[in-house]
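User: I would like to learn how to read the features of a protein model. Could you take me through them one at a time?

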Amino acid sequence: MTYRTLIGMSPYWLVFGKAFHLPVELEHTAIWVLRKLNLEWDVAANLRAEQLNELDEFRFHAYSSSSLYKDKMKYIHEKYAHGKEFKVGDLVLLFNSQLCLFPGKLKSIWSGPFEVVFVNPFGALDLKNKNGEVFIVNGHRVKHYLGKIDDSHVVALLHFK
């Protein structure tokens, strides 16, 4: 298991505090050997307690590193994320989720433009198409349209974020 994130450790290391080895029953074998050799149990118990304390400290360090990493990634994401605020009269494009991947010719997954007629308080939008029909869509499925509408054709200038 060599997958590592920016916190610098594998998921197995985070859970078990050691590198992954194929014979998982190594710890059971070690206990059996200790019983067979009849070593001092107090020394072995203290050693194991120290190892568990080190493991707890290691996990705490990993947790703090991961929380710092998450905060950093959240800051970067929010730095480039722009809010979608729609007003009545805006032109928007609608995401077409029912589009087949390759139905013969390549088509855009964005259809439109549509005009915003009403903005509901919880993000739903009432849109009007060219024929004057009004329908309701989720605000997450639309994005601003930055183009002009001519009667002969639609000039598309898409703004990708």
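Analyst: We go from the overall layout to the core, the long helix, the surface and single residues. Keep in mind that this is a predicted model.

User: Start with the layout. How many helices and strands are there in the protein?

Analyst: The protein has three helices and seven strands. Read from the N terminus, the order is α-α-α-β-β-β-β-β-β-β.

User: What share of the residues counts as buried?

Analyst: Of 161 residues, 15% are buried. The accessible surface is about 13,400 Å², and carbon and sulfur atoms hold 60% of that. Contacts add another view. Among those with a separation of 6 or more, 43% join residues 24 or more positions apart.

User: Now the interior. Which residues make up the largest nonpolar core?

Analyst: The general idea: in soluble globular proteins, nonpolar side chains tend to be buried together. Here the largest nonpolar core has nine residues. They are Phe 86, Val 92, Leu 94, Phe 114, Val 116, Leu 125, Leu 127, Val 137 and Val 142. Three strands each supply at least two residues of this core: β1 (91-95), β2 (110-119) and β3 (124-128).

User: Take one core member. What is Val 116 in contact with, leaving aside its neighbours within four places in sequence?

Analyst: Val 116 contacts Lys 87, Val 88, Gly 89, Asp 90 and Val 92. It also contacts Leu 125, Asp 126 and Leu 127. Of these partners, Val 92, Leu 125 and Leu 127 are listed in the core as well.

User: On to the helix α3. How many residues does α3 have, and what length does it reach?

Analyst: Helix α3 covers residues 41-80. It has 40 residues and reaches 58 Å from its first C-alpha to its last. That is close to the 58 Å expected at 1.5 Å a residue.

User: Which residues of α3 are buried, and what do they pack against?

Analyst: First the general idea. An α-helix has 3.6 residues a turn, so residues three or four places apart point the same way. In α3, Leu 55, Ala 62 and Ser 66 are buried. The buried residues of α3 pack against α1 (11-16).

User: Which residues form the nonpolar patch on the surface?

Analyst: Tyr 69, Met 73, Tyr 75, Ile 76 and Tyr 80 form it. Together they have about 530 Å² of accessible area. Take Ile 76, which is found in α3. Its relative accessible area is 35%, so Ile 76 is partly exposed.

User: Next, charges. Which side chains meet in a salt bridge?

Analyst: Side chains of opposite charge can pair when their charged atoms come close. The count here is one salt bridge. It joins Lys 128 and Glu 115, at 3.8 Å from N to O. Lys 128 is in strand β3 and Glu 115 in strand β2, 13 residues apart, and the pair links distant parts of the chain.

User: Why do Lys 128 and Glu 115 count as partly exposed?

Analyst: Partly exposed covers the range between under 20% and over 50%. Lys 128 counts as partly exposed because its relative accessibility is 32%. Glu 115 is partly exposed because its relative accessible area is 32%.

User: Let us finish with Trp 110. Where does Trp 110 lie, and what does it touch beyond four places in sequence?

Analyst: Trp 110 lies in strand β2. Its relative accessible area is 22%, so Trp 110 is partly exposed. It touches Leu 93, Leu 94, Phe 95, Arg 141, Val 142 and Lys 143. The C-alpha atoms of Trp 110 and Val 142 are separated by 8.5 Å, with their positions 32 residues apart along the chain.

User: What separates the C-alpha atoms of Asn 138 and Leu 125?

Analyst: They are 6.2 Å apart, for residues 13 apart along the chain. Asn 138 lies in strand β4 (residues 134-138).

Conventions. Residues are numbered from 1 along each chain as its sequence is written. This is a predicted model: local features need pLDDT of at least 70, side-chain atom pairs count only at pLDDT 80 or more; totals for chains, interfaces and linings use all residues. Side-chain values use heavy atoms; hydrogens and water are left out. A nonpolar core is a set of buried Ala, Val, Leu, Ile, Met, Phe, Trp, Tyr and Cys residues joined through side-chain atoms within 4.5 Å. Buried means under 20% relative accessible area, exposed over 50%, partly exposed in between (1.4 Å probe, protein chains only). Helices (H or I, at least four residues) and strands (E, at least two) are DSSP runs, numbered from the N terminus. Contact means heavy atoms within 4.5 Å. Patches are made of residues with over 30% relative accessible area and no salt bridge: like charges are joined within 9 Å, nonpolar side chains (Val, Leu, Ile, Met, Phe, Trp, Tyr) within 5 Å. Accessible areas come from the Shrake-Rupley method with a 1.4 Å probe; for residues, only the protein chains shown count as cover. A salt bridge is a side-chain nitrogen of Lys or Arg within 4 Å of a carboxyl oxygen of Asp or Glu. The expected span of a helix is 1.5 Å times one less than its number of residues.
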